[in-house]
Amino acid sequence: MVWVVKLEQVIAGKVVSRKKVMALERPEKLQSLGDLGLRLEEGKAVVAAIQKLLVTQQCERHDETRTHCAECGKRRRIKDYRLRHFDTGTVKLTKDAAK
Ligand SMILES: [Zn+2]
């Protein structure tokens with residue numbers, strides 16, 4: 001049996017993206033307590049994977065809102081891109097960002 005952890009991004013009540021975080025395999029019948037729930041290392045990996053996806057999608061959403069005019073919604077001219085570094089303590093991300 002496989003359990004799939006997914007992260008959905010919902011905007012105004014609509015699911016705009018759904019990403020697979022991780023798949024966890026477990027036997028159909030419990031054979032030991034070790035098969036019950038998340039193992040410590042799996043829990044840490046799930047949280048780290050969610051954090052990475054969340055930070056990435058928040059940065060993308062932030063870029064989308066910055067590159068479009070808040071008044072009319074038209075795309076603004078992009079003068080240049082620069083690399084931006086984000087460090088949340090658990091996730092380090094380097095990403096192109098519009099100026
Ligand atoms: Zn405008």
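Mentor: A residue is called buried if 20 or more other C-beta atoms lie within 10 Å of its own, and exposed if 12 or fewer do. Everything we read here comes from a predicted model.

Trainee: Does that count have an example? Take His62: how many C-beta neighbours lie inside 10 Å?

Mentor: His62 is found in helix H1. The count for His62 is 11 C-beta neighbours inside 10 Å, so His62 is exposed.

Trainee: How far apart are His62 and Ala97, in sequence and in space?

Mentor: Sequence distance and spatial distance are read separately. His62 and Ala97 are 35 residues apart in sequence, and their C-alpha atoms are 9.7 Å apart in space. Set beside that the pair Arg75 and Val55: 20 residues apart in sequence, with 23 Å from C-alpha to C-alpha.

Trainee: Where does Arg75 lie, and is it buried or exposed?

Mentor: Arg75 lies in the loop between helix H1 (40–66) and strand E3 (81–87). Arg75 has 9 C-beta neighbours inside 10 Å, so Arg75 counts as exposed. Once the neighbours within four places in sequence are left aside, Arg75 is in contact with Thr67 and His68.

Trainee: Now the whole chain. In what order do the elements run from the N terminus?

Mentor: The inventory is one helix and four strands. From the N terminus, the order is β-β-α-β-β. The radius of gyration is 19 Å, well over the 13 Å that the globule rule gives for 99 residues, so the chain is more spread out than a compact globule. Along the principal axes, the C-alpha atoms fill a box of roughly 60 × 30 × 15 Å.

Trainee: What percentage of the 99 residues count as buried?

Mentor: The figure is 0% of the 99 residues. Strand by strand, E1 is hardly covered, with zero buried residues among its 10. E2 is also hardly covered, and the count of buried residues among its 12 is zero.

Trainee: What share of the contacts with a separation of 6 or more joins residues 24 or more positions apart?

Mentor: That share is 41% of the contacts in the chain with a separation of 6 or more.

Trainee: How many bridges join E1 to E2, and do the strands run parallel or antiparallel?

Mentor: To read a strand pair, look at the bridges and the direction, then at which residues face each other. Here 10 bridges join E1 to E2, and the two strands run antiparallel. Trp3 stands opposite Leu24 in E2, and Val5 stands opposite Met22 in E2.

Trainee: How many residues sit between the strands in the hairpin of E1 and E2?

Mentor: There are two residues between the strands of that hairpin. One residue to look at is Ala12, in the loop between strand E1 (2–11) and strand E2 (14–25).

Trainee: What is the phi of Ala12?

Mentor: Ala12 has a positive phi of about 50°, although Ala12 is not a glycine. With 5 other C-beta atoms within 10 Å, Ala12 is exposed.

Key
Residues numbered from 1 in each chain as written. Predicted model: local features only at pLDDT ≥ 70, side-chain atom pairs only at ≥ 80, totals over all residues. Rg over C-alpha atoms; globule rule 2.2 N^0.38 Å. Contact = placed C-beta atoms within 7 Å. Pairing = 2+ DSSP bridges.
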